[in-house]
Amino acid sequence: MAQYEEVKVRGYEEFCKTVSDRAGKDIFAYFSGDKDQQGQSWCPDCVKAEPVVRGEMNHLPEGSVFIYCQVGDRPYWKDPNNEFKKTLKLTGVPTLLRYGTPQKLVEEQCFKADLVRMMFTED
Amino acid sequence: MAALYSRSRLKLLLRSALHLSNRTLTGSGGKFDYDLLVIGGGSGGLACSKEAAQLGQKVAVLDYVEPSVRGTKWGLGGTCVNVGCIPKKLMHQAALLGSAVKDAQKYGWQIPQPVSHDWATLAESVQNYVKSLNWGHRVQLQDRKVKYMNMKGSLVDDHTVRCLSSRGKEMTVTARNILIATGGRPKYPTHVPGALEFGISSDDLFWLKETPGKTLVVGASYVGLECAGFLTGIGLEATVMVRSIALRGFDQQMSRLVTDYMQGYGTRFCWDCVPKKVEKLPSGLLQVTWTDSRTGQDHQDTFNSVLWAVGRAPETGTLNLQQVGVELDGDTRKVMVADDERTSVPNIYAIGDIAQGRPELTPTAIHAGKLLARRLAGLSSQLMDYSNVPTTVFTPLEYGCVGLSEEEAERRYGKDKIEVYHAFYKPLEFTVAERDSSQCYIKVVCERDGDQKVVGLHFTGLNAGEVTQGFALSLRCGLSYAQLRDSVGIHPTCAEELTKIYITKRSGLDATVTGC
């Protein structure tokens with residue numbers, strides 16, 4: 001059995017569906033600004049954080065789920081009423097969180113490998 | 001010349017230079033694992049460890065929560081975050097909102113009455129917030145390079161601590177300095193049959209998934225009164241059983257106003273009563289038998305929950321303190337400390353609830369922790385000033401105070417050497433809401449002579465904590481009655497009444513404030 005399942009989604013609805021399909025599992029979600037055709041995100045912090053987060057994924061718990069979620073383009077994200085901000089209460093991208101728990105790392109916190117590892121390995 | 005600086009010589013110099021800098025990195029000359037080991041991750045322990053780490057010390061924190069009798073446990077942050085100040089204040093707020101909803105109708109809001117309260121919703125919100133604080137502390141410790149271990153610590157010798165995890169993993173850690181900040185836990189009246197089996201404490205109350213229902217709160221300390229207060233406020237039937245007096249240690253006139261308000265608010269009081277036994281009925285209800293010490297008669301009633309709020313005991317049991325020479329106070333069993341928080345063992349310190357003679361308050365533990373860190377890093381010699389520490393009791397009618405009670409001032413100065421100014425006032429918010437303000441009161445205790453230095457300030461009313469904070473600062477700056485009278489109030493507020501106060505107790509005149 002694979003250590004964890006990675007799912008790539010785009011937008012709020014797809015994110016919610018993916019989560020509800022995996023109810024009861026330990027779900028980690030990484031929110032990033034959309035990537036363009038060249039695979040580059042409009043969000044510079046997301047570009048910086050992604051390799052750090054990916055570098056710690058070998059520490060994900062057995063049987064967990066890792067959702068890589070592109071939130072949308074920059075204008076969508078800047079709108080304070082977008083679904084991610086309103087309902088999921090996200091305040092910035094990148095955000096790495098453990099779904100259903102208060103465990104969350106926001107923006108520069110995602111640059112720190114030790115914090116990412118802490119989230120993946122501690123209860 | 002060149003021979004002196006041969007490559008091998010340089011290599012040797014470089015290696016010893018690196019060795020020296022390595023020693024500086026560990027900061028303890030390589031002798032100890034840590035510069036500072038903190039046992040207890042609560043208000044005091046965390047503040048000290050974070051400050052020490054910021055100042056370049058190598059720090060580790062041990063935090064471990066022994067489950068309550070009921071099995072309740074919680075995360076990093078100590079009593080305040082998990083089972084004290086934070087959940088208490090949130091639940092108090094829930095109760096205040098209940099009153100606000102009732103008042104709202106008079107202010108024009110069309111709210112269908114009666115409004116009901118759901119415990120599960122409140123509990124979940126509070127518990128989630130507390131968990132976010134646990135996480136926040138965890139991130140902060142990691143960020144500041146403080147090593148965190150979820151393990152139970154006990155002293156082996158004055159520099160060595162044995163750490164034990166819940167799974168039985170064991171390790172030993174050494175440190176140049178050790179800080180004991182393990183706090184306290186609620187006491188159970190073990191001599192009362194059924195107390196342990198059927199009662200709960202404040203450790204459990206905030207983590208209950210289901211409503212506590214009709215509750216008997218035994219104990220009239222601020223823990224007991226605050227809990228009974230918010231339980232009443234959210235619509236539950238709450239009774240407070242008082243052995244002798246309420247709010248021991250606080251100004252007793254103010255204490256009376258607090259409990260009078262609570263009685264008017266709907267909380268029942270059993271004065272001069274002591275519990276005799278607790279039994280569980282087939283229905284699941286708890287039957288409590290108690291003795292009225294005035295009459296000697298026994299009484300009985302049934303409750304859904306019994307909350308013991310009969311005092312707190314210091315968490316020293318498993319620390320192995322005495323074998324290492326750390327002395328405890330004979331009565332309280334708290335750790336004896338000097339002005340610089342040092343225990344009887346020179347490199348072992350204690351702050352917070354565990355330390356003898358200290359206020360059992362978060363801000364003093366935090367402040368003392370930070371100052372201690374600075375002293376340990378050799379950057380300061382400033383000691384913690386424990387005098388004139390303000391506090392607030394968050395009962396339905398809040399009570400904020402700083403300095404001496406009237407009784408204590410009389411004891412220290414003599415009755416004829418103090419002047420007590422006082423006033424009964426009515427918050428504007430109560431007028432339209434047609435609420436009774438009989439217990440809204442202010443008392444300023446001053447030296448009688450000269451400018452009349454303020455030695456104690458007491459306030460019951462709304463937002464008492466917010467009102468008292470600023471005045472507490474002025475007290476530390478040497479506030480006199482003359483200055484108080486000379487200051488201009490903010491209108492319309494309750495706090496401004498402090499600047500207008502002028503009736504003395506001595507005059508015997510009616511102290512009720514009239515109009516603007």
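These are my notes on the contact between chains A and B, and on one alanine in chain B.

**Entry 1: the interface.** I am working from a predicted model. I started with the contact between the two chains. Twelve residues of chain A are in contact with eleven of chain B. I then looked up the area. The two chains bury about 920 Å² between them, and carbon and sulfur atoms carry 60% of it. On the chain A side I asked which three residues supply more than any other three. They are A:Pro102, A:Asp114 and A:Met118, with 49% of the area that chain A buries against chain B.

**Entry 2: the helix pair.** Next I took H5 of chain A (residues 113-121) and H5 of chain B (residues 119-143). Their axes come within 10 Å and cross at roughly 140°. An angle over 145 degrees would count as roughly antiparallel. H5(A) and H5(B) are therefore oblique to each other. I noted the crossing as right-handed. By class, this helix contact has five nonpolar, one polar and three charged residues. I listed the residues that meet. H5(A) brings A:Asp114, A:Leu115, A:Met118 and A:Met119. H5(B) brings B:Trp135, B:Arg138, B:Val139, B:Gln142 and B:Asp143.

**Entry 3: B:Ala472.** I moved on to helix H14 of chain B, residues 464-476, which holds B:Ala472. Is B:Ala472 buried or exposed? Its relative accessibility is 3%, so I put it down as buried. Leaving out residues up to four places away in sequence, B:Ala472 touches B:Pro390 and B:Val402. I checked the B:Pro390 pair by C-alpha atoms. B:Ala472 and B:Pro390 are 82 residues apart along the chain, yet these atoms are separated by 6.0 Å.

Notes
Residues are numbered from 1 along each chain as its sequence is written. Chains are lettered from A and ligands numbered from 1 in the order in which they are written. This is a predicted model: local features need pLDDT of at least 70, side-chain atom pairs count only at pLDDT 80 or more; totals for chains, interfaces and linings use all residues. Side-chain values use heavy atoms; hydrogens and water are left out. Helices (H or I, at least four residues) and strands (E, at least two) are DSSP runs, numbered from the N terminus. Buried means under 20% relative accessible area, exposed over 50%, partly exposed in between (1.4 Å probe, protein chains only). Contact means heavy atoms within 4.5 Å. Axes are lines fitted to C-alpha atoms, for helices over the stretch in contact, and angles run from 0 to 180 degrees between N-to-C directions. Angles under 35 degrees count as roughly parallel, over 145 as roughly antiparallel, 65 to 115 as roughly perpendicular and the rest as oblique. A crossing is left-handed if the near helix is turned anticlockwise from the far one by less than a right angle, and right-handed if clockwise. Ala, Val, Leu, Ile, Met, Phe, Trp, Tyr, Cys and Pro count as nonpolar, Asp, Glu, Lys and Arg as charged, and the others, Gly among them, as polar. Buried area is the accessible area (1.4 Å probe) that two parts lose on being put together, summed over both.
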